[in-house]
Protein chains: 2
Amino acid sequence: MENIIEKIDLEGLIEARDFNTLREATRNWPAGNLADLMEPLSAEKEAVVFRLLSREQAADVFAYLSLERQEELLKAMAREEVAGILNAMSPDDRTSLLEELPANVIQQMLNLLSSEERTVASQLLGYDEDSIGRLMTPDFVRIRPHWTIAQALDHIRRYGKDSETMSMVYVIDENNKLIDDLRIRHILLAPPETPVSDLMDSRYISLKATDHRESAVEVFKDADLVALPVTDMDNFLIGIVTVDDILDVAEQEATEDIQKMGGSEALDEPYMKIAISKMVQKRATWLIILFLSEMLTATAMGRFEDEIAKAVVLSIFVPLVISSGGNSGSQASTLIIRAMALGEVKLRDWWLVMKREILSGLSLGSILGTIGFIRISTWHYLFNSYGEHWFLLAVTVGIALVGIVLWGSLAGSMLPFFLRRIGLDPATSSAPFVATLVDVSGLIIYFSVAGFILHGTLL
Amino acid sequence: MENIIEKIDLEGLIEARDFNTLREATRNWPAGNLADLMEPLSAEKEAVVFRLLSREQAADVFAYLSLERQEELLKAMAREEVAGILNAMSPDDRTSLLEELPANVIQQMLNLLSSEERTVASQLLGYDEDSIGRLMTPDFVRIRPHWTIAQALDHIRRYGKDSETMSMVYVIDENNKLIDDLRIRHILLAPPETPVSDLMDSRYISLKATDHRESAVEVFKDADLVALPVTDMDNFLIGIVTVDDILDVAEQEATEDIQKMGGSEALDEPYMKIAISKMVQKRATWLIILFLSEMLTATAMGRFEDEIAKAVVLSIFVPLVISSGGNSGSQASTLIIRAMALGEVKLRDWWLVMKREILSGLSLGSILGTIGFIRISTWHYLFNSYGEHWFLLAVTVGIALVGIVLWGSLAGSMLPFFLRRIGLDPATSSAPFVATLVDVSGLIIYFSVAGFILHGTLL
């Protein structure tokens, strides 16, 4: 074993940013050997190697280190150089190489570091930027089930000063696993000599550090609590999240959805502060995609060029007819996206939604179709605008509107389901995206109806 | 005085729903006389008269009543009949006749009523449906500045059981005016014999019951507290609002904005639960308005009928060109609406926004214009699609796109400012609304550019 270890050039692998080989090379080594091997490295490189160890290895190696070296290692994790080295990883490697740190390391690390250092270190925790792990704070009160209420209150008085919330305290077993949460009110109202375990019901709601932060919004709304405990994958208590942070999350998630629904990438910065070049870039991407898709309308219109040449009057109603499909599609997609974000509509509800949208689309289409028919008839009587075949033209526009609004409602409502099904964000089915989609198909519906009804007269 | 009072037929005025006369008739009467006058009425009618008194009168009359009659009166305020009678008022009358109730009445009323009764009664509190007054709970802990910490803790133990939160307690003076808020942690950590006043810094943030609930979201985000006190117009403490309720508010407000931005009225009910007829109605209103506005495109296209007849190829690019304006307008309006809702952009920032949008619009327009130009040139070389004047056509489409995208960005970004300026909700400037607006003007820009460039060739 000793021989193999000496052959590995850890320092060189780090400098070459060859993390895969490094991880492969250190796999299955005993903790003691690893700790020895890491000793001659600088604190920064030691932190890099440590971060690349598997979860179990990291826990063992950490336990093997002296308190002094533990602290040195944790402090190094908050240094920009270490973050810089590990950030050189591709996102794929990051997911496969950076496992969740062991609970004891996370806890000590969060407690040791200042909140600025924590921001740097949080990139290395193995938690996604949008995960609950990034929101948690280590400042909360832990008590033991065998303590008395008086002991618990004494503990709170001594260690509670920095706690984010005093509303909740958390009961943990000897392994730091979460076993219950207690409202401070129950502790305050209980006789001092009662054991903590008497107040426990072992029912609690907790969040997983690796979960998406959006899921925390729903849990908080249902739980009616000001703070929730966060555990790692093995149910070790590693932090808490307070509801005021979730308020920010809810707003940010709504902002991202709204911006996407408006047909732009999420800006991720306040409108007044983002550099114009950056904003143009975020807006241009979608605008170009939409423009390229909308080019299909030119192709579609090109195919109907003969019809238009014969009956120019048909082209007059093109914007009116296709925009109605876009508008009804925008409505439908917006309603569904928001209902999905709020958890009111699930993926399996697609058939129920489709039934609702068929009814709504037919109703709305009939209303607009009738108005369109009346508009053309009225203009005929008032201005004689549309020639001898005005009636057939009015029927064409009316029927096309029913079909297009129905189609718009269906396309707009089903697109978010489709996007979610294939793993994309439903909010991507923005109003402009749906409108573009429906524009092309709307043209085909319109000219097909026209071909059918006006054949032998205008066409 | 006695004579005048006897001439007034309070009962008849209530039955005739003549609230203005009733209020006029009772104006300036002494509290004692009013209380006597109300005695023979049924409890329901007494409640109606009481609710129509001015704030000062109501406070005086209430103090004049025996405890028994006070309770009877407050209980009656929660009855559906009373709510029904007063709801017969027009919204205008409601604002002018139903002043905020005096703090002592509100407090007793909220404490006396069950939460179901409170829902009925809340309609009569004089607080708008969207106001903070509708969110507040009367269950919180009040302490006095001259108490010791031990007394305060004893009080919390005895009365804190039903409190919505234990994180904060509120210090009030002898008139029930709010003078400070204290974190429970400071009380728990202080020596028991300290007077409460030693912990006070007299700095606190409070909400006004009459304010719009949306404003509470911003205050909570800045304040970093789990609960905030609510006062009436005279700074009497009447309730608290907790952050978990605000989480719901933030979500509801975002939902309303999103639905409006999608070109529909806010549904106010979950998508899967709202009756289809009701949903169709909420969606039809805007769809019809948009359809009627979009009819202007038919008028505009009609005016260019001759040009289209001469150059059918122009009509082929109509959907492409005008939709680009709609898309850029949707983007811009969405970004501005959200920035306004988050307080990032204020009304006075319109000029800064306009400058940003001129730059963004020109950049985005140039990008799309270039792509459009390349598309037409390419199709010319590949398929010879557009005849001998393809180059001028490509220039026309390219230049029209720059103008239309610029105009779309400007119109989309300025419309929310305009709507807010005239007192409407900026979220009304939905993506479909902006698209419709820009469609009509986009046609005019397109055919004007075409007329200028193609004059003497195609036109």
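Colleague: Before we start, what makes two residues count as in contact here?

Modeller: Two residues are in contact if their C-beta atoms, placed from the backbone, lie within 7 Å. Keep in mind that this is a predicted model. By that cut-off, 92 residues of chain B are in contact with 92 residues of chain A. On the side of chain B that touches chain A, the classes are 53 nonpolar, 22 polar and 17 charged residues.

Colleague: Nice. How do you know what kind of axis relates chain B to chain A?

Modeller: Two copies of a chain are related by a rotation about an axis and a shift along it. Here a rotation of 179 degrees, with 0.0 Å of shift along its axis, superposes chain B on chain A with an RMSD of 0.2 Å. That is the relation of a two-fold axis. The same surface serves both copies, as 100% of the contact residues of chain B recur in chain A.

Colleague: Let's turn to helix α8 of chain A. What puts its buried residues on the same side?

Modeller: In α8(A), residues 80-87, the buried ones are A:Val82, A:Ala83, A:Ile85 and A:Leu86. Buried means that 20 or more other C-beta atoms lie within 10 Å. These four residues cover an arc of only 160 degrees around the axis, so they share one side of α8(A). The face turned away from that buried side carries the exposed residues A:Glu80, A:Gly84 and A:Asn87.

Colleague: And why is B:Asn28 called exposed, but B:Asn235 partly exposed?

Modeller: The limit for exposed is 12 or fewer other C-beta atoms within 10 Å. B:Asn28 has 8, so B:Asn28 is exposed. B:Asn235 has 16, which falls between the limits of 12 and 20, so B:Asn235 is partly exposed.

Colleague: Where do those two asparagines lie, and what is the phi of each?

Modeller: B:Asn28 lies in the loop between α3 (19-26) and α4 (31-38) of chain B, and B:Asn235 in the loop between β5 (227-231) and β6 (237-242) of chain B. Phi is near 70 degrees for B:Asn28 and near 70 degrees for B:Asn235. Most residues other than glycine have a negative phi.

Colleague: One last thing: how do you know that β2 and β3 of chain B are paired?

Modeller: Pairing needs at least two bridges, and 5 bridges join β2(B), residues 168-172, to β3(B), residues 178-183, so the two strands pair. They run antiparallel, with B:Met168 standing opposite B:Arg183. Together β2(B) and β3(B) form a hairpin with 5 residues between them, and B:Asn176 in the turn has a positive phi of about 70 degrees.

Key. Residues are numbered from 1 along each chain as its sequence is written. Chains are lettered from A and ligands numbered from 1 in the order in which they are written. This is a predicted model: local features need pLDDT of at least 70, side-chain atom pairs count only at pLDDT 80 or more; totals for chains, interfaces and linings use all residues. Ala, Val, Leu, Ile, Met, Phe, Trp, Tyr, Cys and Pro count as nonpolar, Asp, Glu, Lys and Arg as charged, and the others, Gly among them, as polar. Copies are superposed by least squares on the C-alpha atoms of residues with pLDDT of at least 70 in both. The arc is that of the directions from the helix axis to the C-beta atoms.
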